[in-house]
Amino acid sequence: MRINSVNASTQRVVNQLSALSASKKQPKLLNLCKEDLIKHKTITNAWNVYQRKVNEKRHIQLNAQYKSIHEAMEDLKQTSPQLYALANKPEKKKKFPLDMRMPTDYPPTKPWVYNYEPSQKRK
Amino acid sequence: MSRLSIRSFSSSPIASKVGYSTVQPVHHLIPIKKQTLGKRFPELNIPKDDIRSPQYKPKDVYQDRVNEYYQNVLKSDLLLHYYEHDSEAVTGNKARSWGEFSPYAVYRRDRKPKGLSRATRDIKPVTPRNIPELTGISINLYNKAALEESWINISARLQLAQITNVKPKVVYNKSNVLPWKVRQGKECGCKVELEGRDMTRFLSTLVELVLPRIRTFKGIKDSSGDKSGNITFGLSPEEIKFFPEIENFQELFPNLFGFHLTFKTNAGTDERARTLLTSLGLPFYKEVKNVQ
């Protein structure tokens, strides 16, 4: 026996299940011609090379920063042991301020707050 | 073979003695996909990142601003923040040996670490190579209602798929607990592991659209964490309403389900992980204990 109509709540669950299953969402496999394939590969390779360069640049910069921090601390250790002890004190529980947010795709209407005051005053 | 010819006093000859190999067999441990060996399915041998493969998924299709912010701004800030001069790795609590002299301890498993059941990791000083990073977010949704009616889990799965853009895996009960109506092998919720772009996209919606709109939300508890840099908190069904994917289609989601979020980091300690998460915009609050 075939059931032609189900009640509304059952239909909703059926719809939900069909939205989850992947069978209809799978896009068709692209059949690229040789020229398109070469184009695609060239662009992908160029993008990978660019990414590698960017990563290398970041890596070099971070290493330089680390080296300069190390040298500065080494210098401070020689010149003023008291200041060195203060500077090398670990701040384990320190948190970043909530006002510091990740940049959005578009700039805000008020780009820079000149007379900035922190929103939460900590004790 | 020359040993066989030597007569021995023992009644049983050496050749008939049962020997055993000390070398572990490895042939069962190597999985071989037999389909890929022949010529019948050539597309199985195409790597996944090749566009001709049926499993190809385009990767960098939009700008990942969270990752860019982390790479360009936060990484150097975190490196400076975590820097400690002349610091060395703190060795974790490791498994102990049973001593060298006992013959019974030769193949015995090492003794448990002192005061713990499991060994803990070393805490290494932060260098440019191991700046703490958010490696993943895992979402666990335990659905109590699905224990009675298993179809209820479908809407929970769809809810999670809508929010995260990843197909969730179904979770099944592992044991029988009669008073909770928990039976082994029954559906009891779903889970999602987010990584890469899915993770950053989910994080940005959570931090910018969802959490600021929850009135009662104070932050994540300062005591949360598993001691190795993974921090968990939960969202209730009322709070999940604020996800834009749910909010704009409320009639399609009549019943919502709360879930637990675990932020997985490679920070090593909870304190480091907390600092990292505050840099990504997640607030923390300190619990005030009742003093009588």
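Tutor: Before we start, a polar contact is a pair of N or O atoms within 3.5 Å; within protein, one atom must be able to donate a hydrogen and the other to accept it, and residues adjacent in sequence count only if both atoms are side-chain atoms.

Student: OK, and how many residue pairs in polar contact does the rule find across the interface of chain A and chain B?

Tutor: The rule finds 13 such pairs across that interface, both residues being at pLDDT 80 or more. On the side of chain A that touches chain B, α1 (8–20) and α2 (34–79) of chain A each supply at least two residues, and the largest share, 14 residues, comes from α2(A). Helices here are DSSP runs of H or I with at least four residues, strands are runs of E with at least two, and both are numbered from the N terminus.

Student: What did this model come from, and what counts in it?

Tutor: This is a predicted model, in which local features need pLDDT of at least 70 and side-chain atom pairs count only at pLDDT 80 or more, while totals for chains, interfaces and linings use all residues. Residues are numbered from 1 along each chain as its sequence is written, chains are lettered from A and ligands numbered from 1 in the order in which they are written, and side-chain values use heavy atoms, with hydrogens and water left out.

Student: What mean pLDDT does chain B have?

Tutor: The mean for chain B is 89, with 91% of its residues at 70 or more, where pLDDT is the predictor's confidence in each residue, from 0 to 100. Chain A averages 88, and 93% of its residues score at least 70. For the complex, the predictor gives an ipTM of 0.87 and a pTM of 0.85.

Student: Back to the interface: how much area is buried between chain A and chain B?

Tutor: About 4200 Å² is buried, and carbon and sulfur atoms give 65% of it. Leu20(A), Phe96(A) and Met102(A) supply 19% of the area that chain A buries against chain B, more than any other three residues. Buried area is the accessible area (1.4 Å probe) that two parts lose on being put together, summed over both.

Student: And how many salt bridges are there between chain A and chain B?

Tutor: The count is three, a salt bridge being a side-chain nitrogen of Lys or Arg within 4 Å of a carboxyl oxygen of Asp or Glu. Lys95(A) pairs in this way with Asp222(B), with the closest N and O atoms 3.3 Å apart.

Student: Which residue meets Arg65(B) in a salt bridge?

Tutor: Glu208(B) does, at 2.9 Å from N to O. Arg65(B) lies in helix α2 (residues 65–82) of chain B and Glu208(B) in helix α4 (residues 196–210) of chain B, so the pair ties together parts that are 143 residues apart in sequence.
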